[in-house]
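Work through the exercises below with the sequence and the structure side by side, trying each task before reading its solution.

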Amino acid sequence: MKNLSFLFAVVAVLASCRDQKQPPADPNVALNAEVAPALSMKQVKEELVAKGFQTFDYFDEETGDTLLMQQYFVAFIKRGPAVVTDKKETDSLMALHMEHLGDMYKKGYADISGPFGDNGDIRGITIYNTPTLEMADSLANADPMVKAGRFLIEVHPWWAGKGFPLR
């Protein structure tokens with residue numbers, strides 16, 4: 001069980017670091033010179049809406065800023081009915097599970113994932129960046145651990161400010 005939590009945590013850390021810019025090899029080249037101009041929030045919203053994502057604008061009276069809110073989907077990963085005691089089978093399923101999550105990050109469908117630190121029935125979460133609940137549910141249920149009955153999935157819509165980092 002400790003291996004499961006450790007591997008899940010490693011994927012979450014790697015995924016959270018995947019888009020960070022590395023310093024240029026040449027110290028005389030400014031980091032900003034390598035970064036393409038950022039899209040305006042209007043352009044981001046137009047692209048999201050064109051792809052079928054749900055969004056809305058939120059005006060923050062305290063700061064005077066208008067924030068772009070996007071609907072994401074949180075998949076709660078719950079303990080499933082199947083219990084596998086064979087270490088070889090458990091290790092194989094875990095490797096396939098991690099491969100699935102890695103694939104979700106590479107394709108841009110999952111933004112963050114990780115296990116909970118207790119041994120409760122809800123084992124962890126994955127936040128999916130998909131236009132529909134049906135798509136997020138389908139991707140989450142394609143996980144080999146879910147197919148094997150080790151995990152069950154429960155997906156809920158969730159709104160967050162677009163581009164806000166974890167702190």
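**Exercise 1: the nonpolar core**

In this predicted model, the largest nonpolar core has 20 residues, and those with the most contacts inside it are Ala75, Tyr128, Ile153 and Val155. Find which elements give two or more residues to this core.

Solution. Begin with the strands, where E2 (65–79) and E5 each give two or more residues, and then go on to the helices, where H3, H4 (133–141) and H5 (144–147) do so as well. Next, look for the element that gives the most, which is H3, with six residues.

**Exercise 2: the two sides of a helix**

Determine which residues of H3 are buried, and which are exposed.

Solution. Start with the extent of helix H3, whose 20 residues, 87–106, reach 28 Å from the first C-alpha to the last, close to the 28 Å expected at 1.5 Å a residue. Taking buried to mean under 20% relative accessible area, list Leu93, Met94, His97, Met98, His100, Leu101, Met104 and Tyr105. These residues lie on the same side of H3, because they cover an arc of only 155° around the axis. On the other side of H3, Lys88, Glu99 and Lys106 are exposed. Finally, step just past the end of H3, where Gly108 takes a positive phi of about 85°.

**Exercise 3: a surface patch**

Identify the residues that make a nonpolar surface patch of about 290 Å².

Solution. The patch is made by Phe56, Tyr58 and Trp159, and of these Trp159 can be placed in strand E5, residues 151–161. Trp159 has a relative accessible area of 34%, so this residue counts as partly exposed.

Definitions and conventions. Residues are numbered from 1 along each chain as its sequence is written. This is a predicted model: local features need pLDDT of at least 70, side-chain atom pairs count only at pLDDT 80 or more; totals for chains, interfaces and linings use all residues. Side-chain values use heavy atoms; hydrogens and water are left out. Helices (H or I, at least four residues) and strands (E, at least two) are DSSP runs, numbered from the N terminus. The expected span of a helix is 1.5 Å times one less than its number of residues. Buried means under 20% relative accessible area, exposed over 50%, partly exposed in between (1.4 Å probe, protein chains only). The arc is that of the directions from the helix axis to the C-beta atoms. Patches are made of residues with over 30% relative accessible area and no salt bridge: like charges are joined within 9 Å, nonpolar side chains (Val, Leu, Ile, Met, Phe, Trp, Tyr) within 5 Å. Accessible areas come from the Shrake-Rupley method with a 1.4 Å probe; for residues, only the protein chains shown count as cover. A salt bridge is a side-chain nitrogen of Lys or Arg within 4 Å of a carboxyl oxygen of Asp or Glu. A nonpolar core is a set of buried Ala, Val, Leu, Ile, Met, Phe, Trp, Tyr and Cys residues joined through side-chain atoms within 4.5 Å.
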